[in-house]
Amino acid sequence: MKIVELHAQAMELAVQVVDGLRPDQLDLPTPCAGWTLRKLLEHCVGQHQGFAAAARGAGPDLALFADAPLGADPAGAFRRTGTDLVEAFRAAAAEGRPLWLPEIRDADPFPFTQAVGFHLLDTLVHGWDVAAVLGTADGLVAAVDGDDALAAALLTVTEAVPNTEEHRAPGRAFGPGLEPGGDGRFARALALLGRDPAWKP
């Protein structure tokens, strides 16, 4: 499915960003309020593992999505679990099986393409979070905006995220939407998800 390969592209871009990380940067603040770079990457690795388990048929087990320790090689942990997730999505694509994502809802699973779209958004937005801390956000934004299919997929999923108090309350994945600013679809997506595209550490 096209969305699976777009997700793989998004993951490769995020991996390239995280590969530029130095261990002494792990305690720096990020655009995610109250989260250091270490906390953000622990969250990402945990999400990689949870989505991979869901793609392989796991049920609504919230523990599968728990933040994961980074170990001595944070970039390596991100890369390995990201690669495993890409492979899990590719293997599941033929069946198109729905995925249980209990962090979002536990009443029933999500259609396969919608679930992959959720993680595509997460991958690019958190990739930008890391890039913004490292001072490499312009390169990531240019790469996404320069790929029409990837930028369109990101914006399509973003625009489907409800911008209501219930969905954007403290502790939720995204803050209240901001007025879109800057040029390009990536900047628009960031603003719609409550991030300032001009954020600097």
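Here are three short exercises on the salt bridges of this predicted model, each with a worked solution.

Residues are numbered from 1 along each chain as its sequence is written. In this predicted model, local features need pLDDT of at least 70 and side-chain atom pairs count only at pLDDT 80 or more, while totals for chains, interfaces and linings use all residues, and side-chain values use heavy atoms, with hydrogens and water left out.

**Exercise 1.** Find how many salt bridges the whole structure holds, and work out which parts E5 and R90 connect.

*Solution.* Start with the criterion: a side-chain nitrogen of Lys or Arg within 4 Å of a carboxyl oxygen of Asp or Glu. Searching the whole structure this way gives 11 salt bridges. For E5 and R90, the closest N and O atoms are 2.8 Å apart. E5 sits in helix α1 (residues 2-18) and R90 in helix α3 (residues 74-93), so their pairing ties together parts 85 residues apart in sequence. Helices here are DSSP runs (H or I, at least four residues), numbered from the N terminus.

**Exercise 2.** Decide whether D84 and R56 are buried, partly exposed or exposed.

*Solution.* Take the cut-offs: buried is under 20% relative accessible area, exposed is over 50%, and partly exposed is in between (1.4 Å probe, protein chains only). D84 has 29%, hence partly exposed. R56, at 49%, is also partly exposed.

**Exercise 3.** Locate the salt bridge partners E159 and R188.

*Solution.* Their side chains meet at 3.6 Å, N to O. E159 belongs to helix α6 (residues 148-159) and R188 to helix α7 (residues 185-192), so the pair joins parts 29 residues apart in sequence.

How values were computed
Helix = DSSP H or I, 4+ residues; strand = E, 2+ residues; numbered from the N terminus.
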